Structure formats: C-alpha cells, structure tokens
Amino acid sequence: MGVRKESIPDIETKEQYQQYQKDVAAFIEREGLSFLSTGTDSVPEDDGGNVDPWFSGRPCECCGCTLGGNREYLFACNQANEIVQFEICEDCVYFVNYDTLYDSTMIRIVNKKS
Ligand SMILES: [Zn+2]
C-alpha cells in the first residue's frame, strides 16, 4: 500500500483549520524548534531515517490529534542546538513540508458553508 492521502476527518471549517495551525505553531514555540525536517535521508536508518510510516494509536506529538493513524518522525533542532525527534501524524508531515494540508481537506474547508 502506498502513502494514504486522506483528509483529516476532524477538520471541516476554517475555524478548525485555524485552530490546527495554532496547535502546530504552539508546539513549535513550546519546544523551541527550528529546521524542522521530515525528509530523513541524511539520517541513518538505525536512527530513524527513511523508515516507512507506521500505524500508531498514540496521539500525534505535534498537533495533538488523538486519532490513530500513520506516524512518521519529525526531526528538528531545539534551543540547545540538539537534534530532537518526535512522532507526528501524516497530516503534520504534510503541513510541515508544504505549510498547508491535503487538497481534499483544503477544498472541503473552502466549500464549507459556515
Ligand atoms: Zn499531527
């Protein structure tokens, strides 16, 4: 099975999307992160590089989403200049890379009559 491109079931309105953006920004602020990366080509496989997404029921460490789903590693640099690692959901992977959510989610948000 390839990477699933599903939209987030619990984000349907602009308000919820704004809340999502806030949650992610708060996470980055709280952890003092910079140089966020999910492209782990530079990381050896033993250290979590290039692993396939895996299913987990644990909450996403970035947006706090509690829905079970695929998780991937997020690597970033913290205030102490250390590389830190988090397990985040695929929506956050996409968001960190492209600063937006899947098209299907965005289209649903735009089309939603409030
Ligand atoms: Zn997430």
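Which residue in β4 does Arg71 stand opposite?

1. The model under discussion is predicted. Opposite Arg71 stands Cys89 in β4. The strands concerned, β3 and β4, run antiparallel and are joined by seven bridges.

2. β3 and β4 form a hairpin, with five residues between the two strands. Within the turn, Asn81 adopts a positive phi of about 65°.

3. The largest nonpolar core contains 18 residues, and those touching the most other members are Val24, Cys60, Cys62, Cys63, Ile88, Cys89 and Cys92. At least two residues of this core come from each of α1, β3, β4 and α2. Cys89 thus appears both in this group and opposite Arg71.

4. Cys62, one of the core residues named above, merits a separate remark. When neighbours within four places in sequence are set aside, Cys62 is in contact with Val24, Phe27, Leu74, Phe86, Ile88 and Cys92. Among these partners, Val24, Ile88 and Cys92 also belong to the group that touches the most other core members.

5. Helix α2 spans residues 90–98, and its buried residues are Glu90, Asp91, Cys92, Val93 and Phe95. The elements covering the buried residues of α2 include α1 (14–31), β3 (69–77) and β4 (83–89). The presence of Glu90 and Asp91 among the buried residues may be of interest to a reader who inspects the side chains.

6. Two further backbone angles should be noted. Asp99, just after α2, has a positive phi of about 60°, although Asp99 is not a glycine. Asp99 is found in the loop between α2 and α3 (103–111). This residue is classed as exposed because 9 other C-beta atoms lie within 10 Å, and the limit for that class is 12 or fewer.

7. Phe35 likewise has a positive phi, near 55°, in a residue other than glycine. Phe35, however, lies in a strand, β1 (residues 34–37). With 9 other C-beta atoms within 10 Å, Phe35 is therefore exposed.

8. Is Gln19 exposed, partly exposed or buried? Gln19 is placed in helix α1, and 13 other C-beta atoms lie within 10 Å of Gln19, so this residue is partly exposed. Gln19 and Cys63 are 44 residues apart along the chain, and their C-alpha atoms are separated by 9.6 Å. Cys63 is itself one of the core residues that touch the most other members.

Note on methods: Residues are numbered from 1 along each chain as its sequence is written. This is a predicted model: local features need pLDDT of at least 70, side-chain atom pairs count only at pLDDT 80 or more; totals for chains, interfaces and linings use all residues. A residue is buried if 20 or more other C-beta atoms lie within 10 Å of its own, exposed if 12 or fewer, and partly exposed in between; C-beta atoms are placed from the backbone. Helices (H or I, at least four residues) and strands (E, at least two) are DSSP runs, numbered from the N terminus. Two residues are in contact if their C-beta atoms, placed from the backbone, lie within 7 Å. Two strands pair if DSSP finds at least two bridges between them. A nonpolar core is a set of buried Ala, Val, Leu, Ile, Met, Phe, Trp, Tyr and Cys residues joined through C-beta atoms within 7 Å.
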